[in-house]
Amino acid sequence: MIFTRIKFYYLVLVCILFSCEEKSYFEDAYCIENVNVIDPIEGLMEGMNVVIKGNKIFQIGKQEDLRLSQKNNIIEGGKRYLIPGLWDSHVHFYFDRELALHMPELFLSSGITSVRDTGGAFLYVDSIRKNALNHPKTHPRVKIAGPLIDGNFNVYNGSFLPELSIRTRTVSESIEETERLVAQGVDFLKAYEMLSPEQFEAIAAIAARENLRLAGHVPLSMEITHAISLGLNSLEHIKNLELEAVENSDSILQQRGKMLLNKSSLSGRELRGNIHRAQKQFAIDNLALEAYYSILDSIKKYEAYQVPTLSIYKVPIYKIFREPFWRESFKLLPKKTMKQWEKNAAASDDEINPDQKKFSDWIQSTTGEMAKIEIPLMAGTDTPLGYLTPGFSLHYELELMVESGLTELQSLRTATLQPAMYFRMEDSLGLVKKDYIADLILLNKNPLEDIGNTKDIQAVIKDGNFLDRNILDEIQKEISAGVAVSALSK
Ligand SMILES: [Zn+2]
């Protein structure tokens, strides 16, 4: 009897000791206690503790399993929601270089921890990428394509439109310029609309050899399934898909071929405009469903990523930039840009062009169809074009994804896991998982209940650096004042 009692006390003592030992202390780290984690694969995991050390998620576990000693540097999660940092997969720093000075901070303060620049002069976008690489804790990650590689009549040639592209007149020039970009170290390539099929094929071959993603618009000289079979593995704006989704698409392809000879020596911008006017609306009004779904099947077969950029259609077409909630976002911009955008928005009318509306709606329904068959989608905006406030507009893009038929979790994946997979970084980025890079956002409300809750940000964590609401507010104040941001160096 006595023996049993001793044994009992001994056991209690062991239990107490053991449970004390079980509480872990993490040196040079901080812990977010009692937080609901939303992982793009696992979904919602309630009541978690997350330990961040250096730039990584060092430990993650349920509160009862990963018990934290009070000696730790603890941030109370307060049942908030922790999601991976977001990507905007379609941005242009080069478009407005004055605004671009503040774009990295605008992104970061809205929880955009990575961006993909889809076209701009190499040295310029490379300088922004370098800055980001040198200051990973205070700048969003930047992936660049350099300039668009376009054909003989290049669209973005610096007159009327900014010089976002390089003109390549022949196949050998396309090869030469593409090789140059590869040697300079771009992260992916972007092919544009005025290339010939031969030029496109040559660029695609280099991309494949270098294991680089090839983004772009479907060249007007080709059809989408052809471009995808040659290696177009991310399509921006679903551009020109509809031109093959009609009966006898061959005949309108031939018509484009004739127009592309450009007998009247138009500029690339005018020529592309004429072709779009001649065919796009016709295609939307004459869609052949069998052709349409067979195109979607090809996209799925080749796992070609789609960046529908729903906002660059919907915001200007539906005149959403005139609505009070959108104009409120202009207050985040540097004063000069804010005034200009506000003036333009006020001067614009409310009229919605029915053809354009039909097109925008079609882009959204196509995005929904793509999601149904699990074509990989990435959220991108085209900011700062079309009054798309950098950062803010990505959250709207996520809402439009849901409006198009994606679930909230699918929508989150388009800005987290999918872009990480696109850049083959899915083993280190895009999930809330042990050993992953700590690019995270702490949200006040559950985005799986309402995707709009991604805007309700309590803190942004970039490369392990915890930026709380006060710092984010200070950053935003400094941006609006148009002064150099000092809040980040605190
Ligand atoms: Zn773009």
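Donors are N, O and S atoms within 2.8 Å of the metal; water is not among the atoms, so sites may look incomplete. The views below show a predicted model.

**View 1. The zinc ion and the protein residues that bind it through H90, H92 and D382.** In sequence, the donor residues follow the spacing H-x1-H-x289-D. H90 belongs to strand 6 (residues 86–91), whereas D382 sits in the loop between helix 14 (354–372) and helix 15 (392–403), so this pair ties together parts of the chain that are 292 residues apart in sequence. The donor atoms are NE2 of H90, NE2 of H92 and OD of D382, at 2.0 to 2.3 Å from the zinc ion. H90 is buried, with a relative accessible area of 0%. D382 also counts as buried, at 6% relative accessibility, since the cut-off for this class is under 20%.

**View 2. The open sheet of three strands that contains strand 6.** The strand order is 6-7-8, and the pairing is parallel. Strand 6 and strand 8 (141–144) form the edges with a single partner strand each, so one side of each has no neighbour in the sheet. On average, neighbouring strands are turned by 15° against each other, direction ignored. Strand 6 and strand 7 (residues 112–117) are joined by four bridges, and L86 stands opposite I112 in strand 7.

**View 3. Helices packed on the sheet: helix 4 and helix 15.** Helix 4 (residues 122–134) touches strand 7 and strand 8, and its direction makes about 150° with that of strand 8. Helix 15 lies across strand 6 and strand 7 and runs at about 95° to strand 6.

**View 4. The loop between helix 14 and helix 15, with P384 and Y387.** The peptide bond that joins T383 and P384 is cis, with omega of about 10°. In this loop, Y387 has a positive phi of about 60° although it is not a glycine. The zinc donor D382 is in this loop as well.

**View 5. I238 in the loop between strand 13 (234–236) and helix 8 (249–260).** Phi of I238 is near 55°, a positive value in a residue other than glycine. The residue I238 is buried, with a relative accessible area of 0%.

**View 6. The largest cavity and its lining residues.** The model holds one cavity of 30 Å³ or more. About 50 Å³ of space lies in the largest cavity. Its lining includes I57, P84, G85, W87 and T113, together with L429, G430, L431, I437, D439 and L440.

Terms used. Residues are numbered from 1 along each chain as its sequence is written. This is a predicted model: local features need pLDDT of at least 70, side-chain atom pairs count only at pLDDT 80 or more; totals for chains, interfaces and linings use all residues. Side-chain values use heavy atoms; hydrogens and water are left out. Donors are N, O and S atoms within 2.8 Å of the metal (3.2 Å for Na, K and Ca); water is not among the atoms, so sites may look incomplete. Helices (H or I, at least four residues) and strands (E, at least two) are DSSP runs, numbered from the N terminus. Buried means under 20% relative accessible area, exposed over 50%, partly exposed in between (1.4 Å probe, protein chains only). Two strands pair if DSSP finds at least two bridges between them. Axes are lines fitted to C-alpha atoms, for helices over the stretch in contact, and angles run from 0 to 180 degrees between N-to-C directions. Contact means heavy atoms within 4.5 Å. On a 1 Å grid over the protein atoms alone, a cavity is a set of points where a 1.4 Å probe fits but cannot get out, and a pocket is an open set with protein on both sides within 12 Å along at least five of seven lines; lining residues have an atom within 4 Å of a point. Grid points are joined across faces, edges and corners, and a volume is the space filled by probe spheres set on the points.
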